[in-house]
Structures are given as structure tokens and as C-alpha cells.
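Trainee: I've got the sequence and the model open side by side. Can we go through them together, one question at a time?

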There are 2 protein chains.
Amino acid sequence: MVITREKIDKRFVDLFESTFGFTREEFDHLLTYFEVLTLKKKEHYFRAGDVCRQQAYINKGCTRTYVLDNEGHERILFFAFEDWWIGDLESYYTQKPGVNFVQALEDCELLIIKRDLFQKLALENPKMQQWYTYKVQRAANAMWRRLSEVKTESPEERYLNMLNTQPQVIDRVPLQHIAAYLNIEPQSLSRLRKRISKKI
Amino acid sequence: MVITREKIDKRFVDLFESTFGFTREEFDHLLTYFEVLTLKKKEHYFRAGDVCRQQAYINKGCTRTYVLDNEGHERILFFAFEDWWIGDLESYYTQKPGVNFVQALEDCELLIIKRDLFQKLALENPKMQQWYTYKVQRAANAMWRRLSEVKTESPEERYLNMLNTQPQVIDRVPLQHIAAYLNIEPQSLSRLRKRISKKI
């Protein structure tokens, strides 16, 4: 499938053209290296043990990224929606098997660029390297913030935070996954929601 | 104080010369941009509200990075030793006030490079930019791994993990800080240590 700028989230175009100063020509050239990957709801994009060989931008849909604990319970690290990049960051960098799972929570349309193609482009155009640094920097910031939240906030505070920063979670993510993200039982989440609705 | 390669952790020299292919001349030139900053034990290198305007490499000593929860309790995110970089990554990137605290747990010797100098150098030498990407990538990986640990492991598992990956913590970090890192009471940590020593 040929990718045209009309089919792409405007934020993707802006990121390259406005933030990183790609000319229209450079951006159109870059686009020819991307492919579309569609995922059905519940399909996995990545599984622990895989090696992450591409970068993936969510053009449509949402996903959850989770890990397994020693008892095999799924622990959700974050949800991702349009304009996020997904995958296993460390595995992409080291090219060793990853530890994360990424699963579609809705039918998804991803824009994919293979690692070897990206590296070739980055050698030709330093703006690609700058963009990658920016992307990794934002991932580092997001992970650092999540770690701080988990360390300092109660489930109720984390839930309110989520309503604030990712309000779409409520409409698009099943309750049991939100509860798993907060590390609480679904029943506790229902009680928490009732308590909050009384306060508001 | 003039910094000479003899006074510097060998890993710092290797990072630039072996991993990033700096010539001896390029590395010596880079060194002229670094300054030494010493911290007394318990002194803060960074406080929430500060803007992070430099990168700091631990040449000697160790630190703890923590955040405050809503009740003002300190929650430790990680300990850093020789060959780590410290600061507030997001504040460094955004130049907005940070949320972390970094405190010396021993007398420390840091190698500092100011952000504006670094950016000037990165324009001159693309290897600097590659090195920065590498550094941020490693920070992102470390934060992601910490988040996974906190989400999936019991305090005992996290303690054993720490013995494995950062054995120096035991000799160099006071017990109450290790307990704070594990989010348990110091008494619980003592019991945990007794339990583990019986198993080994």
C-alpha cells in the first residue's frame, strides 16, 4: 500500500516538517521507506523473546505494553494511542530478545520503518538522527515519569492523573486493563470510580 | 582544576575513544570543556525546581536520585556510582524546572559539561551527538527496566536483583536508603536480609 501524506496523522507530518525542518521533498522521500502494518484487535505486535527490528508509529488505534511477573500475571506499563511510537526500545537498540509484549486493543494501523533502512537514512540525513534522539529522549522522560508516579502516587492519584493526561483511556481501554495498569483488582477500580464521581 | 586523562575513570576515556571513535586529539579537546565539581557527602547536586543546565559524570562517589510524594516522603528511584551520568534528564532537555533530587551519599567528584558548550561541540562533531543519543538510550532502557521491576517484583526479588547488578550498594549505601528504594520499612529490610542469609 502506498502511503500518502493525506492518509497520515497530521502530527506525524508536522513532527518531521515543522519540528525537524524536513523539506517537503525530504519528507516525501522518507515516506517511501515506511510501510503500513495493520493489526486486528487483540493481535500482538511484539512478544517477549522477539527481537525488535523496526520502529512503529500508531497512525490509528491503541495498544497496551505489558510484562509478565514470575507468576505469569500481566503487568501493564502503559497504553499508547495515535501519535505514539511502540515496540521494545532496548531490544531495538541492542538487537537482543526483548521482554515486553505489545498488544492491539483496537484494530490498528501502524507506520513501520525497518531498522536497517532507518540507519541508512540517518547516515544520509543528520535530521533523521536528531529525530531519533528526540524520540528516545521522550521515551526516557515518559518512563522516568511513570517510575516516579508508581513510586509516589496511590492508585486513586494515578487514576486521576490518567484522566487528566490520557482521557481517551476511559472510552477505549477495557476496565480490566485499566485496573491491571493501576495494579488493583477490577472491583477496587469500580469502587474508586464511584468514590471519585461523588467528589466531582 | 585542569582535567588530565590520568585522573579520569578509564571507562570514561574508553567510552569516547573506543565506542565512539574519538581520536586522542578529539578527546583531549573535549576534555578541555569539562570541569570538575566536588560535592561533600549529603550535599545536593540537584533539587526539584532547579533547571538542569549541565551533564554530570560520576568520576568518584555515589548518589541517590529521589522524588517527593504528596506527603513529603522521599521515594528513591535509583542509586548511581562511578561511570554513571546524573541530573534531571527531562529538565535538561526541556530547560524547565525539574522534579528530581540528586544527593551525594559519599564525597563525590563529578565531571561537568555545560549544556550550551555541549551543543556547540555537537554541531562541530557528529560523534558528540551519537554519544548523547547513546546516553539517553541507556537512560531510557534503565528507566524502563526499573518500571518493569517495580511492577513485577516483590521487595525480596528487587533486593536480590540489586545484589546482583549493583553489589556495591550494600557497602556504600545506608540501610534506610536501601529500604526507601525498596519501598519497605528498615525493620522489614532487616528481616528480609536475615531470611535471605539463611537461604544462601
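**How the two copies meet**

Mentor: Let's start with the contact surface. Of the interface residues of chain B, 100% are also interface residues in chain A, so the copies meet through the same surface. Keep in mind that this is a predicted model.

Trainee: Okay, what turn lays chain B on chain A?

Mentor: In general, two copies of a chain are related by a rotation about an axis and a shift along it. Here the shift along the axis is 0.0 Å and the RMSD is 0.0 Å. That is the relation of a two-fold axis, and the turn is 180°.

Trainee: Which residue of chain B has the C-alpha nearest the axis?

Mentor: Look for the C-alpha of chain B that lies 2.0 Å from the axis. It belongs to Ala140(B).

Trainee: Which element of chain B gives the most to the side that touches chain A?

Mentor: In total, 26 residues of chain B are in contact with 26 residues of chain A. On the chain B side, strand 5 (74-80), helix 3 (89-94) and helix 5 each supply at least two residues. With 17 residues, the top contributor is helix 5 of chain B.

Trainee: And how many residues on that side of chain B are nonpolar?

Mentor: Split the side of chain B that touches chain A by class. You get 5 charged and 7 polar residues, and the nonpolar ones number 14.

Trainee: Are helix 5 of chain A and helix 5 of chain B roughly parallel or antiparallel?

Mentor: Both helices cover residues 126-152, and their axes are 8 Å apart at an angle of about 25°. Angles under 35 degrees count as roughly parallel. That makes helix 5 of chain A and helix 5 of chain B roughly parallel.

Trainee: What's the handedness of that crossing, and which residue classes make the contact?

Mentor: The crossing of helix 5 of chain A and helix 5 of chain B is left-handed. By class, their contact has 4 charged, 6 polar and 18 nonpolar residues.

Trainee: On to the sheets! Which strands stand at the edges of the open sheet in chain B with the order 2-7-4-5?

Mentor: This sheet has 4 strands with antiparallel pairing, and its twist averages 30° from one strand to the next. An edge strand here has a single partner strand, so one side is left without a neighbour in the sheet. That describes strand 2 (44-46) and strand 5 of chain B.

Trainee: What's the bridge partner of Phe46(B) in strand 7 of chain B?

Mentor: Strand 2 and strand 7 (residues 101-104) of chain B run antiparallel, joined by 2 bridges. In strand 7 of chain B, the partner of Phe46(B) is Val102(B).

Trainee: Which helix lies across strand 4 and strand 5 of chain B?

Mentor: Find the one at residues 175-182, running at about 110° to strand 5 of chain B. It's helix 8 of chain B.

Trainee: Last one, in chain A: what's the bridge partner of Tyr57(A) in strand 8?

Mentor: Chain A has an open sheet of 4 strands in the order 1-8-3-6, with antiparallel pairing. Within chain A, 6 bridges join strand 3 (residues 54-60) to strand 8 (residues 108-114). In strand 8 of chain A, Tyr57(A) has as its partner Leu111(A).

Definitions and conventions:
Residues numbered from 1 in each chain as written. Chains lettered and ligands numbered in written order. Predicted model: local features only at pLDDT ≥ 70, side-chain atom pairs only at ≥ 80, totals over all residues. Axes fitted to C-alpha atoms, helices over the stretch in contact; angles between N-to-C directions. Parallel < 35°, antiparallel > 145°, perpendicular 65-115°, else oblique. Left-handed = near helix turned anticlockwise from the far one by under 90°. Nonpolar A, V, L, I, M, F, W, Y, C, P; charged D, E, K, R; others polar. Contact = placed C-beta atoms within 7 Å. Pairing = 2+ DSSP bridges. Least-squares fit on C-alpha atoms with pLDDT ≥ 70 in both.
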